[in-house]
Each structure stands twice: as structure tokens, then as C-alpha cells.
Amino acid sequence: MKTERTTVIRSSGGYVPPRVVTNGMLARIMDTTDEWVVPRTGIRERRYVEPGVGPAEIGEKAARAALDAAGLAPSDIDFVIFATMTPDHYFPGSGGLLAARLGMTTTHALDIRMQCAGFLSGLHTADAFIRSGAYRRVLLVGAEVHTGLMPWPKGVWDVLYGEVPGPCDPFWYQKITQLRDRAVLFGDGAGALVLEANESGDGRGFLGFVMYTDGLNWDKLYVPGGGCKSRPYFTPEMFERMGTVPIVEGRQVFRLASQLMPQAVQEVLSRCGKGLDDLDMLLMHQANLRINEAVQKVLGLPDDRVHNNIQKYGNTTAATLPLVYDEAVKLGKVESGDLVCFTALGAGLHWGAGLAVI
Ligand code: UT7
């Protein structure tokens, strides 16, 4: 009898740049404090890349870590999926750049731009390609360089890093303070998974997904400038108005994420014939620790069945799920045979959940 093909996570890898930026450092360039940020978000610090480093470069580091963990070479991969909302270029997408960095010349690469839900959508896509028989082994990478969205000049970065004494230029201090609700949230990072076909019938692999999009709420999280609806797609006035910085209706996003992620988790469990008691680990997107605490409370899960790392990295958008998974595995919080649920909500709005036996 033919056994059903499932998609298993063969290995994971993560990379965060070495530059640590604390809330106290951010307070050098905007009106904020550790006392404001930590109670509202849980974030204590985040990582920033150096200028000139893009998501394909840090994605390569995470990809190589995942390949090494599996004892595989880039030539063992059939298909690359790259999720990012901060691509190296407007086009082409970062997937091909990553494939080239890995020395792949014939491997097809797909780019996903679904923001904080990008990696979850990548899991969904990889699972469909693998189960259909189109590919056996997929490298799925999420990488973000949010610092590219931070439009301040070098002199301000120098004050932030303590390379020149403050105070910050008052013009920029006032401008950045207008963005402080967003500027404190994001960090740079990359994560990767190697996913592959499993025909052993051992019960391991993805059991199902629930995925949703609500385009009516597109304006809760978006970047107003830099799209081809404007002619030309970038103008000096756009930069003047900070139109290239994302707009975040934070309270609405908080409310929607706290409601929709637990609903998606319960729905995927029930569709797969499982209950919350069966769940060993819930890995949530990391946009705000308080959102995740609310989700955990709604679902009634104890602390040892969730894992968060936003405290150290902030919101790393498409890199978050693989980074949090990789960390949970390395800490021994996720082991082979565990039932793990991944959930995320992000700009689009897109949200959903995926359930897997590791
Ligand atoms: O995944 C994509 C993006 N993630 C999210 O959107 C996460 C969900 N959103 C949130 O978690 C919350 O909305 C935030 C933590 C981001 C912001 O909290 P909030 O309570 O919604 O803040 P707010 O923007 O409504 O601002 C409340 C006050 C304002 O001051 P006034 O006008 O009441 O005097 C802000 O200026 O807090 C002030 N404020 C800050 N003060 C110090 C906003 N950000 C900061 C800051 N430091 N970083």
C-alpha cells in the first residue's frame, strides 16, 4: 500500500546580526524610554545590520546554518522560497539573489511578500509543492532588514550607536519621535527551514493549515510611498513626508491579532482532529509580547507550551517564525514527535495557522 506523503521539517537555522540596539540606545535619537517600551511590548533590544547588508545576505547565513544542520549541500535543494517585506531591490526578489549566493544556477526560486504572515504562507506553499510531488526538498527562508525603512541620516545613526556624542540633531529627534510607536518594534534577522518529503508513514509532518486574507483591512499596516500607483513611484516629497515608513494602526492590529490568531489555532486543531490538550508547543509571530500573552491566555496554555523571543529581537517579520522555531529546538523545548502549531498575522491582512508533528 502506498503511504501518504507528508512534509517534515528536516532542519532549521537562524542568523541575527551582532549589533545589539537597546531601548536606551533608541532613546538617544527619539523621545522614548525602556520604561515605556518594555511594559507595552516586552521588547528589550533588537539587532541591526550594518549599511549595505540586505536580506539575501543574512538569509544566506540562516540558509547555510539550516543546510549544515541537515548535513546537506545547496545542490540537494529542489526549490527555494524566500519571504520578506524588505527585499534587497524593488525587483528582482531576494529569492534568486539567495539562490545565486548559494551557488544554485538551475533551482527555481519563489518570492513571497506577505509581511508578518510571509513565512507561514511559505510553509503552506512548501507543503503543497512537496505533497503534490512537484519537489522533494524545499529551502524556505524568511529574512528582514527593517533598518532600510528607517530614513535618518548617518549622523543620527552615529549618535544611536554612541560613535559620536549626542545630542541628536533636534530636527531629526523630532521627526523620529513621530515614528516612535513603530521605530521601537522592529529588528533585523533571518531564519530558514529545510522541508522535505516523508513517505515513511511514521505520522510526522504537517497535518494542515488554515489561511485567511482580509484585504479590506489593508490600510491597518502599509507603506504609503514607493508603489507604482504613484507616478513616479518615488518622489522627493514622499521622503519629505516620511511616506516610505510603514503606517501601523497599532491598537487595531493588536486587537485583531489577539482575536484572530487563537481562532486560527483552534480551527486548525479541530480540522486535524486534535485539541489544545494535544498541543506540545505554540509558536506565534512575535509582534508584541502582550499580544502573545493575550493569545496564550485565551487558549489557556501553560508557559511551557509557548516560546517567545521578541524580548531579544523585536519583530523580525518574516524571519520570526523560523527564528523562534530554531531557538525552541536548540533549547530542547521542541523535540521530534511533538505537535507544534505555528500562527501569524500580518499586513494584508493575512493570518492563519499550520499544525505539524515534528
Ligand atoms: O506586526 C506589525 C506591527 N506590530 C504591531 O502593530 C503591534 C501591535 N501594536 C502594538 O503593540 C501597540 O499599538 C504599540 C505598542 C505599538 C503602541 O502602543 P499604543 O498604546 O497603541 O500607543 P499609541 O501609538 O496609541 O500611543 C499612545 C501614547 C502616545 O502619546 P500621547 O499622544 O498619548 O501623549 C504616543 O505618542 O504613547 C506614545 N508613544 C510612545 N511613548 C514613548 C508611542 N510610542 C512610544 C514610544 N515611547 N516608543
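The following exercises, each with a worked solution, concern a predicted model.

Residues are numbered from 1 along each chain as its sequence is written, and side-chain values use heavy atoms, with hydrogens and water left out. In this predicted model, local features need pLDDT of at least 70 and side-chain atom pairs count only at pLDDT 80 or more, while totals for chains, interfaces and linings use all residues.

**Exercise 1. The ligand shell**

Determine how many residues surround the ligand, and which elements give two or more residues to the shell.

Step 1. The shell holds 20 residues, where a residue is near a molecule if one of its heavy atoms lies within 4 Å of it. The closest are Thr32, Arg180, Val248, Gly250 and Asn288.

Step 2. Polar contacts are pairs of N or O atoms within 3.5 Å; within protein, one must be able to donate a hydrogen and the other to accept it, and residues adjacent in sequence count only if both atoms are side-chain atoms. Oxygen atoms of the ligand lie 2.7 Å from a polar side-chain atom of Arg180 and 2.4 Å from a side-chain N or O atom of Asn288. A ligand nitrogen is 3.5 Å from a polar backbone atom of Asp181.

Step 3. On its own the ligand has 940 Å² of accessible area (Shrake-Rupley method, 1.4 Å probe), of which the protein covers 71%.

Step 4. Helices H2 (34-41), H8 (180-183) and H10 (250-271) each give two or more residues to the shell; helices are DSSP runs of H or I with at least four residues, strands are E runs of at least two, and both are numbered from the N terminus. H10 gives the most, with four residues.

**Exercise 2. Gln115 and Ile112**

Establish whether Gln115 and Ile112 are buried or exposed.

Step 1. Gln115 is placed in the loop between strand E5 (108-112) and helix H5 (118-132), whereas Ile112 belongs to strand E5.

Step 2. Buried means under 20% relative accessible area, exposed over 50%, and partly exposed in between (1.4 Å probe, protein chains only). Gln115 is buried because its relative accessible area is 15%. Ile112, at 7%, therefore also counts as buried.

Step 3. The Gln115 side chain reaches the backbone oxygen of Ala347 at 3.1 Å. The C-alpha atoms of Ile112 and Gly93 are 8.6 Å apart, with the two residues 19 apart along the chain.

**Exercise 3. Phe91**

Locate Phe91 and decide whether Phe91 is buried or exposed.

Step 1. Phe91 lies in the loop between strand E4 (79-83) and helix H4 (94-101).

Step 2. Phe91 counts as exposed because its relative accessibility is 68%.
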